[in-house]
Amino acid sequence: MKKSFTFLSIFVLVPVALYFSSCGNNATDATAENKQDSIKAVIARGEYLAVHVAACIHCHSKRDLSKYSGPVLPGTEGGGGQKFDNTILAALPGTFYAKNITPDVETGIGTWTDEEIIRAITQGIRKNGDTLFPLMPYASFNRMAKDDLLSIVAYLRTLTPIKNEVPERMMMIPISAAYPAAVLQPSIEQNKRPLKSDIVNYGSYLVNMADCGGCHTPFVKGQPDMTLHFAGGNTFNLPSFKVTSANITPDSATGIGAWSEAAFIEKFAACRNKDRYDYNPGKSNTIMPLVDFAGIKDDDLKAMYAYLRTVTPVKNKIEKYPK
């Protein structure tokens, strides 16, 4: 297989290039500086997406569920090990653990190429050929633009390596019964990120990347019920609380049809203030990663709101905190 010029290679070569450029002219210095600025911009984009929009870090770290929205425990970023099973969500056919996505060479993705990481993110296939259970939303990530995927890869390579051997999953069904082959594109090369000026389509792109439908569409016999797409209804059973995902269709009675754009933004922006999540809410908690999503920029939240206003309204009353 043809080897790619990975971002890891860039990290090795740039310091060398900067060293030799010190002996060159001002034009060479400016070129090297521009390259370094470009790399910083790519990593910053990757951090924004991985931490706040796609929320990779939210699932692949340990969370403090004694606090509102379960913020990530500092020092565990990307180390994996978070457990998901059918005691938490009844539709899950077994026990699954979030993988270690830090660049640790023994237990993480330190030896993976860019292509291997992107294949796992968009096709659900690991470096060793194993198929990931679609709790990892690769069917949604399969629609991401390649430059965004490469930005995420670049950011993941900057994480502090964590040595953490994650347990193997225990499934009650064959993985072939869950693999969403029918909806996966074989290639992501044609994927384009819509222009921000195309607010509805750009919002759709972000909502898909955040996999909002994954939590806010109820599962029936292990499959999402698309007649209730975005209409909520998944109940998550945590040790100290139960919470059901909300109806986020624009139905005015049971969804967010009566919400203003400002109210939608405030739902997320509130958790930009540590006082709004750094407390124990008891049974009035949420599994939704609002602390992570709080970092989504206002313009992007406006685009997500604009898109959600266009989806089919579904009347589906949700009991947020079932007994």
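Is Ile152 buried or exposed, and what is its relative accessible area? In this predicted model, Ile152 is buried, with a relative accessible area of 2%. The legends below begin with the whole protein and then turn to individual regions.

**Figure 1. Overview of the predicted protein model.**
The secondary structure of the protein comprises 11 helices and 7 strands. Its radius of gyration is 21 Å, close to the 20 Å that the globule rule gives for 323 residues, so the protein is as compact as a globular protein of that length. Along the principal axes, the C-alpha trace spans about 70 × 45 × 40 Å. Of the 323 residues, 47% are buried. Among contacts with a separation of 6 or more, 65% are between residues 24 or more positions apart. The protein exposes about 16500 Å², and carbon and sulfur atoms supply 58% of this area. There are 35 positive and 31 negative charges, and the mean positions of the two sets are 4 Å apart.

**Figure 2. Ile152 and its surroundings in helix 6.**
Helix 6 covers residues 146-156 and contains Ile152. This helix is mostly covered, since 8 of its 11 residues are buried. The buried residues are Asp148, Leu149, Ser151, Ile152, Val153, Ala154, Tyr155 and Leu156. An α-helix has 3.6 residues a turn, so residues three or four places apart point the same way. Which residues does Ile152 touch, not counting residues up to four places away in sequence? They are Gly46, Leu49, Ala50, Cys56, Ile121 and Met144. Ile152 and Lys99 are 53 residues apart in sequence, and their C-alpha atoms are 16 Å apart in space.

**Figure 3. Helix 4, a largely enclosed helix.**
Helix 4 consists of residues 114-123. Because 8 of its 10 residues are buried, this helix is largely enclosed by the rest of the structure. Its buried residues are Asp114, Glu116, Ile117, Ile118, Ala120, Ile121, Thr122 and Gln123. Ile121 is also one of the residues that Ile152 touches. Helix 4 is followed by Gly124, whose phi is positive, near 75°.

**Figure 4. The open sheet formed by strands 1, 2 and 3.**
Strands of a sheet pair through backbone hydrogen bonds, either parallel or antiparallel. Here 3 strands form an open sheet in the order 1-2-3, and the pairing is antiparallel. The edge strands are strand 1 (83-85) and strand 3 (170-171), each of which pairs on one side only. Strand 2 (residues 94-97) is joined to strand 3 by 2 bridges. In this pairing, Thr95 stands opposite Met170 of strand 3.

**Figure 5. The hairpin of strands 6 and 7.**
Strand 6 and strand 7 form a hairpin with 2 residues between them. Strand 6 (residues 235-238) and strand 7 (residues 241-244) run antiparallel and are joined by 4 bridges. Within the hairpin, Phe236 stands opposite Val243, and Leu238 stands opposite Phe241. Which side chains of strand 6 point to one face and are buried? They are those of Phe236 and Leu238, while Thr235 and Asn237 point to the other face and are not buried.

**Figure 6. Two loop residues with positive phi, Asp211 and Phe230.**
Most residues other than glycine have a negative phi, and most peptide bonds are trans. Asp211 has a positive phi of about 50° although it is not a glycine. Asp211 lies in the loop between helix 7 (199-209) and helix 8 (212-216). With a relative accessible area of 21%, Asp211 is partly exposed. Phe230 likewise is not a glycine and has a positive phi, of about 70°. The loop that holds Phe230 runs between strand 5 (223-224) and strand 6. Phe230 is buried, with a relative accessible area of 4%.

**Figure 7. Asn316 in the segment after helix 11.**
Asn316 is found in the segment that follows helix 11 (298-308). Why does Asn316 count as buried? Its relative accessibility is 18%, and buried means under 20% relative accessible area. Leaving aside its neighbours within four places in sequence, Asn316 is in contact with Ala231, Gly232, Asn247 and Thr254.

Notes. Residues numbered from 1 in each chain as written. Predicted model: local features only at pLDDT ≥ 70, side-chain atom pairs only at ≥ 80, totals over all residues. Heavy atoms only, no water. Rg over C-alpha atoms; globule rule 2.2 N^0.38 Å. Buried < 20%, exposed > 50% of the residue type's maximum accessible area, 1.4 Å probe, protein only. Contact = heavy atoms within 4.5 Å. Areas by Shrake-Rupley, 256 points an atom, 1.4 Å probe, with all protein chains shown as cover. Lys, Arg positive; Asp, Glu negative; His and termini not counted. Charge placed at Lys NZ, Arg CZ, Asp CG, Glu CD. Pairing = 2+ DSSP bridges.
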